[in-house]
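Me: Could you take a close look at one part of this model for me, the place where protein and DNA come together? I'd like one connected walk-through.

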There are 2 protein chains.
Amino acid sequence: MADYEQLKLSNQLCFPLYVCSKEVVRRYKPFLDELDLTYTQYITMMAMWEHRQLTAKELGDILYLDSGTLTPVLKTLEKKGFVARQRSQDDERSLVVTLTDEGWQLQDKAASVPEKMGQCIDMELEDLQIMHRLLHKFMDTFIKK
Amino acid sequence: MADYEQLKLSNQLCFPLYVCSKEVVRRYKPFLDELDLTYTQYITMMAMWEHRQLTAKELGDILYLDSGTLTPVLKTLEKKGFVARQRSQDDERSLVVTLTDEGWQLQDKAASVPEKMGQCIDMELEDLQIMHRLLHKFMDTFIKK
DNA sequence: CTAAATTAAATTGTGTACAATTAATTTGAT
DNA sequence: ATCAAATTAATTGTACACAATTTAATTTAG
């Protein structure tokens with residue numbers, strides 16, 4: 001007789017991870033709508049604000065996204081006027097992404113988003129800190145090649 | 001001068017949640033390929049194995065998915081022969097989902113997936129347990145209406 | 001008792017995600 | 001120096017995910 005206990009959703013680690021992730025992204029929506037950004041576009045902009053200039057490859061490494069996802073996201077951000085895309089002069093294979101003035105200005109509007117989000121999360125700070133630490137520890141095990 | 005420190009990816013809770021969720025789902029893939037299931041189809045089957053019979057509404061409540069996602073997933077599972085879909089006799093609005101023999105048989109093949117996944121995760125059991133507990137605590141704050 | 005409100009699925013439209021492939025460029029080993 | 005191997009984006013195809021709308025059935029209020 002097989003042990004099906006492990007097949008229950010409540011015993012999985014992945015399922016609550018998947019649900020919490022989706023739920024938090026969903027709660028960003030009203031705030032990100034004001035910036036005309038989706039969540040994926042938002043984290044892309046966050047990486048750009050922090051690094052000023054990145055290749056598509058570097059963005060993919062930072063965001064854990066491949067070109068199949070990033071290419072359309074970057075084209076959309078370009079269309080919205082927040083970033084510029086141009087081939088690297090050193091290496092024609094590379095796509096260099098930079099922020100436009102409008103992209104930089106958006107950072108001001110975005111500055112209040114983390115705090116607003118914090119108010120949406122009904123959990124003790126200590127628990128959030130532990131979760132933050134464990135998730136980063138977990139991420140560190142995803143040895144990126 | 002605005003404080004942009006909070007806009008760094010490393011200070012976010014959502015970003016590692018989002019990355020870890022995607023990575024774990026990605027690691028399920030080789031095991032789920034053997035069952036001819038995607039991750040979404042897998043958690044749907046897990047709910048069905050646990051509850052034997054559910055309406056689409058109940059499945060959505062359990063899996064935190066809406067009909068826009070579930071309808072095509074259930075149609076695919078029906079096409080693969082794992083579930084049957086039929087209207088409730090009590091309430092024609094409701095869609096009752098049941099498992100086929102093949103759907104039940106799949107549970108045997110799926111029984112080893114959780115253990116195989118456990119071996120893929122390079123983190124101490126204690127950390128995983130804490131994370132599990134905190135994620136469930138977090139989920140409990142998503143007061144479902 | 002019936003019109004209005006509610007509920008449940010399905011549909012539509014947009015935007016990811018990711019695997020696999022393709023195309024262009026660069027690198028490296030001989 | 002040269003060509004095979006590696007690297008980088010882009011493309012293609014499949015499958016979600018969710019907001020918003022639509023359609024049909026049921027419930028509720030007056």
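Reply: DNA strand C is surrounded by 29 residues, and the closest are A:T38, A:Q41, B:Y18, B:K57 and B:S67. Keep in mind that this is a predicted model. Sorted by class, the surface near DNA strand C has 13 charged, 10 polar and six nonpolar residues. On the DNA side, 76% of the strand C atoms within 4 Å of the protein belong to sugar or phosphate, and the rest to bases.

A few phosphate contacts are worth zooming in on. B:Y18 has a polar side-chain atom 2.6 Å from a phosphate oxygen of DNA strand C, and for A:T38 that kind of distance is 2.7 Å. With B:T71, a side-chain N or O atom is 3.0 Å from a phosphate oxygen of the strand. As for elements giving two or more residues to this surface, chain A brings helix 2 (39–51) and helix 4 (67–79), while chain B brings helix 1, helix 3, helix 4 (67–79) and strand 2 (83–87).

Now follow B:Y18 over to the protein partner. Between chain B and chain A about 5,700 Å² is buried, with carbon and sulfur atoms giving 73% of it. B:Y18 turns up here too: along with B:L7 and B:L9, B:Y18 loses the most area to chain A, the three together making up 11% of what that side buries. There are also 14 residue pairs in polar contact between the two chains. Helix 1 of chain B gives the most to the side touching chain A, with 14 residues. By class, that side has 37 nonpolar, 10 polar and 10 charged residues.

Methods. Residues are numbered from 1 along each chain as its sequence is written. Chains are lettered from A and ligands numbered from 1 in the order in which they are written. This is a predicted model: local features need pLDDT of at least 70, side-chain atom pairs count only at pLDDT 80 or more; totals for chains, interfaces and linings use all residues. Side-chain values use heavy atoms; hydrogens and water are left out. Buried area is the accessible area (1.4 Å probe) that two parts lose on being put together, summed over both. A polar contact is a pair of N or O atoms within 3.5 Å; within protein, one must be able to donate a hydrogen and the other to accept it, and residues adjacent in sequence count only if both atoms are side-chain atoms. Helices (H or I, at least four residues) and strands (E, at least two) are DSSP runs, numbered from the N terminus. Ala, Val, Leu, Ile, Met, Phe, Trp, Tyr, Cys and Pro count as nonpolar, Asp, Glu, Lys and Arg as charged, and the others, Gly among them, as polar. A residue is near a molecule or strand if one of its heavy atoms lies within 4 Å of it.
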